[in-house]
Amino acid sequence: MRLIAAAAVLVLGWCPGCGGEAAPLSQGSISFGVQPLLVLPSTAGTKQISVWTSPQPPVKGVNAVQLLVTDATTTAPLDGLTVQAVPWMPSHAHGTSAKTWVVPQQGGVYQVDNVYLYMDGTWQLRTTLGGDTGDDTVVPEFDVP
Amino acid sequence: MFPRARLAGLLGLLGLGWPAHALAQACCGASGLVLPARLRVYDDYGFGLQATARQTYGALAADGTYSGTLTGDLVTEQDLFAMARLSARVQLALLVPYVETYRRIPGQSEWGGFFGDVTVNGRFEVVHAGEQGAWPALTLLAGLTAPTGRAPDQARNALGTDAAGTGSFQGNVGFEVEGLFRHWFVMFDGWVSQRTSRASPGGRSSFAPRLTGLLAGGYVFDSRLAAGGFATAVDEGRGQDTAPGAGPVAGPRYATAGLASAIPVDPSWRLQATGSADLPLGGWGRNQPTTFAFSTSLVRVWP
């Protein structure tokens, strides 16, 4: 069936579903392990961010990311931040069609859902950490095999 | 000067038939076989359609590691192109692509398509084949691609399958050298391309120049059936991004090899076909999916 559809697309330029209503992305069950995938400082150096992914390591498709944001000096968890995260493939300079959404949790934890990494390669999750003292950023980097 | 059968073969290689007044104008060769959107020196204008199917079978990671995949994108593309000769040595070509993508992720699949980035190419034929004795033909190349297609982050379909653009302009300049040796031909094209910068999350991405080399060669049979092979290498240096925490990143580097053939239908029509594969050169290539590709072209010209 896929071959027939491909032949129709190739010869006729017609494809089933082209231009149709966008369906929501499906995401599997989300669970995070004990060990983070990455631990890295924020750009300003004032925060430490531990990063988990679900699945871990991330795969081609829809993933979830959990961030634990702590003070770099006191290690106290930082709640109340305004977190925004955008997937970006730096070597090709493009993002993805899907928007992420961030669910703040307690204890400095922020869950980023709908992280759609649609092709193999190195992706960044360009993340803004907005707070009372201004914006800070962190850029976790993932290799999608 | 080429014997008639040999020249007929060369024209067959181009798939452009056998106009009698073209006897002394052995021109074009490999790129006419590999890149169909070009005119012979005695063609005034033409148009064509190229249909391509491309299956991703792996990827080269940033560190050069190659890994295969069974769930890579299937991309089909129809390129409508038109060519016009403005003078004895200058020709222009316009190419409008329409790209469809079939994508699979766990639990979901999607077809989508949209117009890609439109390209205008120019060719200035400095020396035609045979014009300066044994010297090869020399052509200067220039082109501009406009971001008329949607970049992946501008796509509207859920899986982004309607993305068919890069999101920035790209200009290129280059040269082509082409030699003819009885039934054989060999040619080399070299380009340098430069993309304009584009906005990125928190900053702006800029690109290093991209170098492309195309080496092609082949043989023309007395029957005018032509067959050849080609190889390309592409290397883009380290780009920059002004976003906080985003350092310089190396652009794609990859090589492709393929086979091509051409069959003249009549003096005005030709059929061409190519098959190629990006080579899984772990340790050399980087930051690029690897694909198999097959394409066919139907070209009509007015000599």
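1. How many salt bridges does the rule find across the interface of chain B and chain A? Just one turns up there, counting a side-chain nitrogen of Lys or Arg within 4 Å of a carboxyl oxygen of Asp or Glu. Arg126(A) and Asp241(B) meet through their side chains in a salt bridge, at 3.0 Å from N to O.

2. Bear in mind that this is a predicted model, where local features need pLDDT of at least 70 and side-chain atom pairs count only at pLDDT 80 or more, while totals for chains, interfaces and linings use all residues. Residues are numbered from 1 along each chain as its sequence is written, chains are lettered from A and ligands numbered from 1 in the order in which they are written, and side-chain values use heavy atoms, with hydrogens and water left out.

3. On confidence: the complex gets an ipTM of 0.81 and a pTM of 0.84 from the predictor. Chain B has a mean pLDDT (the predictor's confidence in each residue, from 0 to 100) of 86, with 89% of its residues at 70 or more. Residues 1-31 of chain B are the stretch to read with care: pLDDT stays under 50 there, yet the model gives them 101 contacts (heavy atoms within 4.5 Å) beyond four places in sequence.

4. Back to the interface. Chain B puts 53 residues into the contact and chain A 41. About 3500 Å² is buried between the two chains, 57% of it from carbon and sulfur atoms; buried area is the accessible area (1.4 Å probe) that two parts lose on being put together, summed over both.
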